[in-house]
Structures are given as C-alpha cells and as structure tokens.
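This report is written for a reader who is meeting the model for the first time. Please keep the sequence and the three-dimensional view open while reading, and find each named part as it comes up.

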Amino acid sequence: MSSAEPRGPVDSSRIPRYAGPATFARLPRLDEVGAADVAVVGVPFDSGVSYRPGARFGGNAIREASRLLRPYNPAQDASPFALAQVADAGDIAVNPFDIGEAVETVQAAADDLLGTGARLMTLGGDHTIALPLLRAVARRHGPVALLHFDAHLDTWDTYFGAAYTHGTPFRRAVEEGILDTSALSHVGTRGPLYGRQDLDDDERMGFGIVTSADVMRRGVDEVVQQLSERIGDRPLYISVDIDVLDPAHAPGTGTPEAGGLTSRELLEILRGLAGCRLVSADVVEVAPAYDHAEITSVAASHTAYELTTIMARQIAAAR
C-alpha cells in the first residue's frame, strides 16, 4: 500500500447506517481503492458441515450486523480504518457440490489476495475453509502459530470417509506441516467427545487446550498470559468458530454446545492478544437461519472488528 490516507467507512452522520450496500463496517470495496492492507473477504460455503447447514449465508449476515460498528475502537485506543486501508473484497465464489474443488478455489483466491501484500480477515462459511486459508498464509510465512477458538477440536480424521470437512481442517494442517506445532492452542472447547482417543490424538499433534471452564475459573488475564507465552513472536493465525460462544450469545450456528464463553470473554481475550504478530484471521460458522435478533452476527462482527484492529495497528506500527 502507498502512504496515501486510507479511505474509511461511509459517514453515518450523513447516510443512515441502514442505507446503502452492506460492506463490512460500511468500508469501501476493494475495487474502489485498488489495494488494501487488510482485505475482508467472504467465503459462502457450508458443504463441509456435519449438522445444521446455513453458514454459507454467514458472511453477509456479519456484514449486515457490522453496519453499527464505528471507526474508533476505545478498547484498543485505535482508529483501525485510519491506520491502514481496510476494504471489503467481496466473496470467493466456490463450488457447493465439490468440497475438493472448493478448497482449491479458496486457496487460489487467498494466494492472490495475500500476494498483493494484504492480510486477510475472512468471514465464513464453515470451518472447512480454514485449511486452504492456512495453506495460503503458510506459503508466505512458513508454518504459523494457531489459536483456534471453538467448542470443538476440529482435529478428527474423517467423517463418513471424507477427509475435508469442518471437523478435520487442523488435523490436515498438521499433517501438511503448515502449522508450528510448538505454538498451537484450542480455546473454549467443551462438550462430549467420541472417546478419550480424541484428546490423545489432539495432544499428539501438539495442541494445548484452554477449555471454557478454564476461562471461567482462571479468568481472562491469566489465559491471555498463557496463550501469549505459547505464541511468542511467531506469525500467528487466529481462527474463530462462533460456536466458541455459549448458545445464549451465539444461537445462530451449526453445532451449538452448552457452557461456552460469553461474548465479553471472547472479545477481551482477543484484545489481550494485541501484542501478538497476527498475520490473518477468520470468523466462521455463523448460520443466520438459527439466529435471533442478529445476536450471533453482531457478536461475529465485533470479533472481526477486534481482529482487524489488531492487524491495522501492527501494520501502522511497521511503517
């Protein structure tokens, strides 16, 4: 990006928030600015789900909910859209009938966007898309640290013999050598598993686990310290499955589990990670058909906003 002043959101004091196209946070489209430091991109894909479908509509639901986001983030004392050019890159159109082809399409599109120098803030879609996104990021940074916010491990081997689903992306990523196995953590996991072997396999792959109960008992600050120490200065990818939140805070998702994080806990953990080297991120598994009053998409839009703020601050600091 050039040093020209970034183009920010539509002025909501002149044009009502509910008017006009729903780009993320009412930001300009990528084709309106030519290039971006952070590209917000949607992936309307949910052919990898194992229970409720509908996450293919998640990206646009998050965009609609993001109309209420404002340009100054007091929690991080930053105006992210003035620090870096953030733009909405639209959607990656993928084949809903062929998961393998969809994975290849997402990876190719992510490669193209990252090749411009942008970082990605991806709006899913189901969690299958994390694998091609990680492949693209690792091509530029080498194996990356991963913080995976989710009710579930997503390190299972196959479902119905299928290797690429929303429950398998991080096992595939470990097998492909695109993750730094000394710096992997799940956050917010809970609920029943198929067996003890699930945990044993997960540990063998290098993952640490901070359960939702750990967050409740130990508190946000201690959890942030533990995660920060594990990550260190490694390039970091953060993947947020919105079902990390309790169904009271995110009912609109495909595989809800009781006993999750509050939206406040999730946002505070992310804010606490502002010193980490965040190279790209995603927010996935918003299924608006099961939502009420945009509870889930509002939480997801604020999650993406905090992640975008972290990246914008780091981009500005590096200039």
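What follows describes some helices, a few loop residues and one strand residue in turn.

The model is a predicted one, and every value below was computed from it.

**Three helices and their buried sides**

Helix α9 has 12 residues, and the distance from its first C-alpha to its last is 16 Å, close to the 16 Å expected at 1.5 Å a residue. Within α9, the residues Val 220, Val 223, Val 224, Leu 227 and Ile 231 are buried. Because these residues cover an arc of only 100° around the axis, they are placed on the same side of α9. A general rule helps in reading such a pattern: an α-helix has 3.6 residues a turn, so residues three or four places apart point the same way. On the other side of α9, Asp 221 and Glu 229 are exposed. The buried residues of α9 pack against β4, β5, β6 (207-211), α8, β7 and α10. Just after α9 comes Gly 232, which takes a positive phi of about 65°.

Helix α10 (residues 263-272) can be read in a similar way. Its residues Leu 266, Leu 267, Ile 269 and Leu 270 are buried. Seen down the axis of α10, the buried residues fall within an arc of 160°, so they line one face of the helix. They pack against β4 (144-149), β5 (179-189), α8 (212-218), α9 (220-231), β7 (235-241) and α11.

Helix α11 (residues 295-318) has 24 residues, which at 1.5 Å a residue should span 34 Å, and the C-alpha atoms at its ends are 35 Å apart, in agreement with that value. How much of α11 is buried? Of its 24 residues, 17 are buried, so α11 is largely enclosed by the rest of the structure.

**Two helices that cross**

The axes of helix α4 (residues 99-115) and helix α5 (residues 130-141) come within 8 Å and cross at roughly 35°, and the crossing of α4 past α5 is right-handed. On the α4 side, the contact is made by Val 103, Val 106, Gln 107, Ala 110, Asp 111, Leu 114 and Gly 115, while α5 contributes Pro 132, Leu 133, Arg 135, Ala 136, Val 137, Arg 139 and Arg 140. Sorted by class, the contact of α4 with α5 has eight nonpolar, two polar and four charged residues.

**Residues with their surroundings**

The table lists, for three residues, the relative accessible area and a C-alpha separation from a partner elsewhere in the chain.

| Residue | Relative accessible area | Partner, places apart along the chain | C-alpha separation |
|---|---|---|---|
| Ala 84 | 0%, buried | Leu 133, 49 residues | 22 Å |
| Asp 88 | 6%, buried | Arg 204, 116 residues | 38 Å |
| Arg 234 | 27%, partly exposed | Pro 143, 91 residues | 9.1 Å |

Ala 84 is in the loop between α3 (80-83) and β2 (86-91). Not counting residues up to four places away in sequence, Ala 84 touches Pro 6, Asp 37, Ala 312, Ile 315 and Arg 319. Asp 88, by contrast, is found in strand β2. When its neighbours within four places in sequence are left aside, Asp 88 is in contact with Thr 23, Phe 24, Pro 28, Arg 29, Leu 30, Val 40 and Arg 63. Arg 234 lies in the loop between α9 and β7, and, again leaving aside neighbours within four places in sequence, Arg 234 is in contact with Ala 145, Asp 180, Ser 182, Ala 183 and Arg 277.

**Backbone details in loops**

Most residues other than glycine have a negative phi, and most peptide bonds are trans. Which peptide bond is cis, with omega near 10°? The bond from Gly 124 to Gly 125 is cis, and Gly 125 is found in the loop between β3 (119-124) and α5.

Ala 293, although it is not a glycine, has a positive phi of about 55°. Ala 293 is found in the loop between β8 (277-284) and α11, and its relative accessibility of 64% counts as exposed. Glu 294, also not a glycine, has a positive phi of about 60°. Its place is in the loop between β8 and α11, and at 40% relative accessibility Glu 294 counts as partly exposed.

Terms used
Residues are numbered from 1 along each chain as its sequence is written. This is a predicted model: local features need pLDDT of at least 70, side-chain atom pairs count only at pLDDT 80 or more; totals for chains, interfaces and linings use all residues. Side-chain values use heavy atoms; hydrogens and water are left out. Axes are lines fitted to C-alpha atoms, for helices over the stretch in contact, and angles run from 0 to 180 degrees between N-to-C directions. Helices (H or I, at least four residues) and strands (E, at least two) are DSSP runs, numbered from the N terminus. A crossing is left-handed if the near helix is turned anticlockwise from the far one by less than a right angle, and right-handed if clockwise. Contact means heavy atoms within 4.5 Å. Ala, Val, Leu, Ile, Met, Phe, Trp, Tyr, Cys and Pro count as nonpolar, Asp, Glu, Lys and Arg as charged, and the others, Gly among them, as polar. The expected span of a helix is 1.5 Å times one less than its number of residues. Buried means under 20% relative accessible area, exposed over 50%, partly exposed in between (1.4 Å probe, protein chains only). The arc is that of the directions from the helix axis to the C-beta atoms.
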